[in-house]
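Reader: I'd like to learn how to read strands and burial in a model like this one. Could you walk me through it?

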Amino acid sequence: MADSSAKVGEEVQCTLSDPAFGNDMLSVLNDMRAEGVLLDVTVVAGEEEFRAHSTVLAYGSDYFRRLFSSGMKESQDNRVELKDPCISAKGFRLLLNFLYSGELAVSTESVYDVLLVANHLQVETIVKLCYDFISQNMRDAPLELVNYTEAQKEKVHSALAENFLELSTSEDFLQSTTQEQLVTILQANNVASPSELQLYEAVVRWLMHDEQARMPQAAGVLSHVRFALLDQNMLYGLLQTDLAVMEHCRHLILEAMAYHSLSPETRQGIDWPRSKPRTSVDEKVLLALESDSKKAWRFTANGWIEEKGNVRHPRDIHAVAVVGNVMYAVLAQVFMAQGSSFQTYNPTKHRWKDLPPFPYFPNGNKCFQMTAMAEKLFVVQSMEGNLSSKAHCYDISKKQWMKIPSFPRSCQGVALTSCQGAVFAVGGYVQGIVSGKDTVVPTSAVHTFFPPNNAWEAVSPTTWPHAEAAAMVQGDIIYIAGGKTLKDGKVFWSATVEMCRADLKVTMKGSPWSVVLQPPCVQKFASQVAFIDRKVYFLLGGQMHFTGKLVDHDRTSEEDVEDMSQAFRKDLKSSNVVCATLSLNE
């Protein structure tokens, strides 16, 4: 339509459109394929040749798109041979028909042929359609695959394993999957999952979907969950679940805890299936997320390198915690900002996702502390000058926040961690006097929150005051290092490392704290490193990180430790960071 305000004689410009144009493009191209018109590429699958339009193949398949734009021999010869013996002519024919029609005609016999081709050619739409069909027809689409070669069987199981988490959440999968089919997938080494925790949760979902009929099969299915891949703290949390009442399940968890108690040398000599890593899970890496620059850094053998992926977040991150290789973050509440104040980052999906927002976000300067325990996150939050802190618990499985009793003091400078089924809040700042002036000073106070008691309880204080300290849990031992301390009315950087053994009773008292002696060569760098069992732990983001450096009392000099510290912090522009350790799947 012309602009009616245009002057007489002035050129009129506008954009015209026909909403119906192009609606029948696929149909026309399919007719042209049938008539052999403008076909410019030949694809060989199995022992058959298929003529097609390269633009149609490139539109539907990431594999073909990259191939045709690469300048490789196939793109110049206009002939592509799919040499993978697992790709059948039958499967490719059905896929090709879909690319020209948008319709996929499959059966319980042909769906795996199509899945193998679609997975190879990276046609994500067809892959999803196949998974939907399989999940809806699990009882009629057996995984035994009696008419397939061993190589084809392995690839089908691999494809299912790579998408198991999405498959396992569908109602059809929960309803129709048999024990044998579930075990077949769990036996695969390449199950794509942030951690073994998600596989355990998937098994629990399947068991609880028909509790009466499936619970007798629990032992047979759970024995294929690799519990030894979970850390001690997570295993302890699982001991508190209803399933752990079952003798066999409890035995599997205790077996994994016993495995963790062995020395690394002994573990390496044990060929134990339930400790074998999944090949799809990468080695864990340390991430540092800077609030000032909004950059993310990954620690490598060559120091810190900037992480360019989606793990970077445009908003300040107040606190993070990791559960099952998924990072949960409390974000700054910014006016007009998009997204929730509470989000999760899944490295297998490479994206952030909104969760129910943190329920209490007043204006003003505030501090947050967060820690994880089993499938729950515990957050304490206080405003500057407050004498107590709001406390909340987030249930990951229910995606629900719950208010818990307030933490009895400010959480500013508190080291929050969990051990043996309890939350420990160590040190922090309290009101005090320095040089005759009212101010905040480090404290020795320690409080625990034991969920069954639903109360915070004061327990054995640390030997020295600690604020802004780094915490680490190893088994049932809590370590505290770095930060600031108070002595003779003065606040200064702490050179003290302390430890406490958590004592599992009706309440979580914990043993008295004791000082871990530090060799002279590290004491000058007390705010940066801690020495435990010859290992040098670097302090950053409220955590202690071991990167393979060792200290020898007789041979390591102060200069050596200084070099270690400088190398660890090289390239990091800010000390205002939060840290998380994740497996980042490329």
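**A hairpin and its neighbours**

Author: Happy to! Let's begin at a turn: β13 and β14 form a hairpin with four residues between the strands, and there Lys399 has a positive phi near 55°. Keep in mind that this is a predicted model.

Reader: In which sense do β13 and strand β14 (residues 400-407) run, and how many bridges join them?

Author: They run antiparallel, joined by six bridges. For one rung of that ladder, look at Cys393, whose bridge partner in β14 is Met402.

Reader: What does β13 do with strand β12 (residues 376-383)?

Author: Those two pair as well, in the antiparallel sense and over six bridges. There, Val379 stands opposite His392 in β13.

Reader: How many of the seven residues of β13 (residues 389-395) are buried?

Author: Six of them, so the strand is mostly covered, with buried meaning under 20% relative accessible area. Cys393 counts as buried because its relative accessibility is 3%. Cys411 also counts as buried, at 0%.

Reader: And how many disulfides does the count come to?

Author: The general idea is that a disulfide is a covalent bond between the sulfur atoms of two cysteines. Here the count comes to zero disulfides.

Reader: Now the whole chain, please: what is its secondary structure, and what share of its residues count as buried?

Author: The chain has 19 helices and 30 strands, and 48% of its 586 residues count as buried. It exposes about 29,300 Å², with carbon and sulfur atoms supplying 50% of that. Of the contacts between residues at least 6 apart in sequence, 54% join residues at least 24 apart.

Technical notes
Residues numbered from 1 in each chain as written. Predicted model: local features only at pLDDT ≥ 70, side-chain atom pairs only at ≥ 80, totals over all residues. Heavy atoms only, no water. Buried < 20%, exposed > 50% of the residue type's maximum accessible area, 1.4 Å probe, protein only. Contact = heavy atoms within 4.5 Å. Areas by Shrake-Rupley, 256 points an atom, 1.4 Å probe, with all protein chains shown as cover. Disulfide = S-S within 2.5 Å. Pairing = 2+ DSSP bridges.
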